[in-house]
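Visitor: Could you walk me through how to read a few features in a model like this?
Guide: Sure, let's look together.

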Amino acid sequence: MKWNGWGYSDSRFLFNKKGQAEFTGKRYRLSGMIIPGLKDWMEGTFGANLQHKTQPVLNTSAVQPPMLNEAFVEELKSTGIPFSHEADDRVFRAHGHCLHEIFALRDGKIGRVPDMVVWPNCHNDVVKIVELACKHNVCLIPYGGGTSVSSALECPPEETRSIVSLDTSQMNRILWIDEKNLTAHVESGIVGQDLERLLNESGYCTGHEPDSMEFSSLGGWVATRASGMKKNIYGNIEDLVVHIKMVTPRGVIEKSCQGPRMSTGPDIHHFILGSEGLLTAIIKILYLRDHEKYSESLIDMQKLYHGLSSIFTSFLDGLKKFYITKFKGFDPNRLCVATLLFEGAREKVLQHEKQVYDIAAKFGGLAAGEDNGQRGYMLTFVIAYLRDLGMDYYVIGESFETSVPWDRVLDICRNVKARIIRECKDKGVQFPPLSTCRVTQTYDAGACVYFYFAFNYRGLSDPVHVYEQVEHAAREEILANGGSLSHHHGGTTS
Amino acid sequence: FSNKVKFSLDPMLKKRDDFEDILEERRNTSDLRYALRCYTPALYKGLTPCTASELKTMVLQSDQLLYVINQVSKETGTATDEIQSEAEAILEEMAHRLQLSTIRFFAFTLSKIFKTLFRSICVNEEGIQRLQQTIQEQPVVLLPSHRSYMDFLLMSYILYTYDLALPVIAAGMDFMGMKIVGEMLRMSGAFFIRRSFGGDKLYWTVFSEYVKIMLKNGFAPVEFFLEGTRSRTAKSLTPKLGLLNIVMDPFLKGEVFDISLVPVSISYERILEEALYARELLGVPKPKESTSGLFKARKILSENYGSIHVYFGQPVSARSLAEGRVDRSQFNLTPRHIPRKPSEGIQDFVNDSAFRLVRSQEENMVLKPWVLLAALLLQNQTAGNKLGVLVEDLTEQAVWLRDLSRQFGAFLHWPDHIPPSRVVSSSLSLHRSLVRVSEGRVQLNLEPELLSKAVVVLSCASYRNQVLHVFIRAALLASAIHSVAGSRKQEIFNAFSFLRNMFSNEFILRPGAEVQDFEEACYLLVKSAVLQVHQQEVLVTDRGHRTLAFLTSILDPFVQGYQMVCRFLCEEATESLTEKQFVPAVRKFFIKHLLTGELKYVEVLSSDLQKNALAALLRLGAVQKLRGGANEGTLKVNTVMVNSLEDTLGGKQDFLFLIKNFK
């Protein structure tokens, strides 16, 4: 794993000696491939120049020595729970993936970091750690996958107490599966892809697949009210969780039954879900879905109509590209692509597929085939790596999202994009910014809109500050236009 | 350029563009070729043009209209298709049918007419460039000042000349009476709205949807007159808010990113309707707009009306007006197609914006030297100077006033390269119908008979009025200083607030900006070395008296007029006096007192002043209008209060007394 960027250390975008964009490693379908359109897109969209490259500074010696609470450490030793105060362990857990966090790391700036890391192995370990922390006046910050984008892992610089990072990575087991009730008892530290893999081995899945599922943990999903790409079939995390056990400084909270619904309110889960990492370790049970038909009924398609997506065509295979651009007359620069995943029992999938294709045809769209769909789906995992490439070339950016009633979707897209462009101009950004959006989730009463915003910061003295001002303005615009502050971006820490 | 609204305190810093005469080219090249030339305006980004019938369909199928049709159907029990066809009929009556051929026809004929009537039509080209840019980026609302029938044809003529998108113009229904002309105007982009449609929900919805759809989609710039009607006095009128509310709505509801509001100031050196307005103000009824009437106006063609200046102001972004003032999320909680009365906060915001826009219209009005001369001649005349003023003296005064108004930031077009005496004499000769010069002395061209005298005085006042916005705040302060015995700042401020409140139907004074206006007045008078303003005190300098005297006397006719209206209400108003009878009765009363010499300002005969005074008294609660039954429209006078207001205006009573008693 990278300590100052997204994902696996072996996977990254780079420009090779021939100046072609390449994605390294072997993990993804895109790995080892040359991406022909990327260089032009970077240069054209941001005015980025391959000659102007930033150099990340590596400097672990800048880490402050740990501030230990001796009494706490002594008692912790007696419990046998493993811990560490090595500099790299602490730095690794001192940040999530907010732009300002990564930017500072690349700049070699390391602020306040945890003084110590502990690795509980089970629920009871967590109970003990929390007790000791209360007794000795020590701060705890829970750490799961480290993919937070809401500053939840940031250590407050003014904190004078010893800060301990509680890493849940060792609590990664499925304790039991209850086939009668289609539930499972899972520890909070399990990472999304492991959970899916292990369940699949038993013939089940949860269907919860956020973009970050390779790295984010179950506890993080709960703490941030996460939403996954397949939520239309399986639901969001709040629909999946039946039971939560939470350790708090005042004791353990859990419901006394595992019934699927109760009328007595307010639902204690609502205080826990989305509480953004303020609470400690979480253990839970999930609905399972029949996994039988899963593999054979996965069908993808691309719906195309007027809109925008320029890189897409570079991924199309030759004949298809010719068919779409020449024969059907789509302009590759004004092309709208939808990646749709159909999943479930065969009849259901076929029925859904037909419905969607009929709608597409009505508006002049066409299906681009399963292969392209698979690529599109895979792209959502790889896209997070793009930010690191941008940062190599003076481009910073981030995504943010909202949920909004249907009748306001187009208005909010237009206004927020326009606001970003205007604010960048006002704040002295020298190059036109990238300001784009897509609908990523649909509900009966509205949709989730996902914005990408990035710009070339050459010539700015404090790019992160400018970035934050513009993002703040964009959020104001979202609120003024009837959008919510966020749809799912608590990010996924724990 | 910056989209931010800036109202700089220092008027000297105001930077204005240069003008270019568009008639010059018309005099040198063929009008026919000009009328037939290729016209390819820049359009709103990504616009797909839309035909008039497509537009109508969009209006008739809009969610808002369908909702209201259903609502009305439920309320009245009428079938929806019946209401639907009623809506269609309304739209038919309203909609414009903009045609390029008609525009070309006007381009040709107006070129001919303009060349005979006017010496020049000057336009600020930078303003045009700004507009051209803005039209491509945002939906645009054009807000010209309204002084003449000419205004909207002139606007379209200019936009055609510069190859800019032609506007659609909100026009009063009275034009439709002029058969052929009405249709011609419709084909040149006018759409017609009824003067009043009070509670007619259906009409309002068709109308507002029609305007909003044109604006939102950027089909054409929407043009209307904030003042609602032509100002007969050349003073800006209190803005009407209906249409401004409508055009702000798409922005407030997030249906567009922003709306650009472009104030346009049209100043005529001589207004075509000059004498017509004066007669109208004196109670000679307004001739109904008719085609034959327009042709009778042909004799106008033989006269010289000087030049016209058209200044396209800095586009004002609705977004920046609303920034920090309006919480747009209030519109998120109801579906946007359900009509809702704007909240109080929104109403205040729109009202405040309207005042700002009218004020920026005022500020960019070009003032000719004659405007200053008219002010001076009127003051001389009421001072009782029977022989008139020596030309040299008038020139000296005019130069003094020129310098003063420049210090106050007036947009004065005084040709500095010509000797002042020549400037004065050429102004006098252009307006020879109003002044006479004999044996080196100048005076107003007054006849002994009162009403003919009043026509000349009111015509003259309509020129003086053009400069009032420059001096109004300082004049209120000067009058306040004059009426307060001491020099205590607080007392002077109280007096200032009283006068400002009293005259806020008469002049453009933004509601709630009294402290700002007071500070602005102080600033200007300190800068021109008239006052010294200390923490507690306001002192007049030795040099300051001339300026203060001028400023007080510029406001004096209004003070006296309002006082006399109060007197009339106390002394003569009967129990059964109605609003309708008010103006004729006041006029009679005034004529009586003018003939006895008790009243010295003939210009108080202006019905505009009388109506404004009544509106102020109604607003202050000194007079009440009864509603309903046989007493509908009857005015009920609170004699004690009116009396007290009169005394306060006359300086016979302390302002504090009044403030205490009537707050």
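Guide: What follows goes through some annotated sites and one helix. This is a predicted model, where local features need pLDDT of at least 70, side-chain atom pairs count only at pLDDT 80 or more, and totals for chains, interfaces and linings use all residues. Residues are numbered from 1 along each chain as its sequence is written, chains are lettered from A and ligands numbered from 1 in the order written, and side-chain values use heavy atoms, with hydrogens and water left out.

Visitor: Which residues does UniProt list for "binding site" along with G146(A)?
Guide: UniProt annotations may be inferred rather than shown by experiment. In an unreviewed entry, the list includes G145(A), G146(A), T147(A), T224(A) and R225(A).

Visitor: Are G146(A) and R225(A) buried or partly exposed?
Guide: Buried means under 20% relative accessible area, exposed over 50%, partly exposed in between (1.4 Å probe, protein chains only). G146(A) is buried because its relative accessibility is 4%, while R225(A), at 32%, is partly exposed. R225(A) sits in the loop between helix 7 (218–223) and helix 8 (231–234) of chain A; helices are DSSP runs of H or I, at least four residues, numbered from the N terminus.

Visitor: What does R387(A) touch?
Guide: Contact means heavy atoms within 4.5 Å. Leaving out residues up to four places away in sequence, R387(A) touches several residues, among them H97(A), C98(A) and E398(A). Its place is in helix 14 (residues 370–392) of chain A, and UniProt's unreviewed entry gives R387(A) as "binding site" too.

Technical notes
Helices (H or I, at least four residues) and strands (E, at least two) are DSSP runs, numbered from the N terminus.
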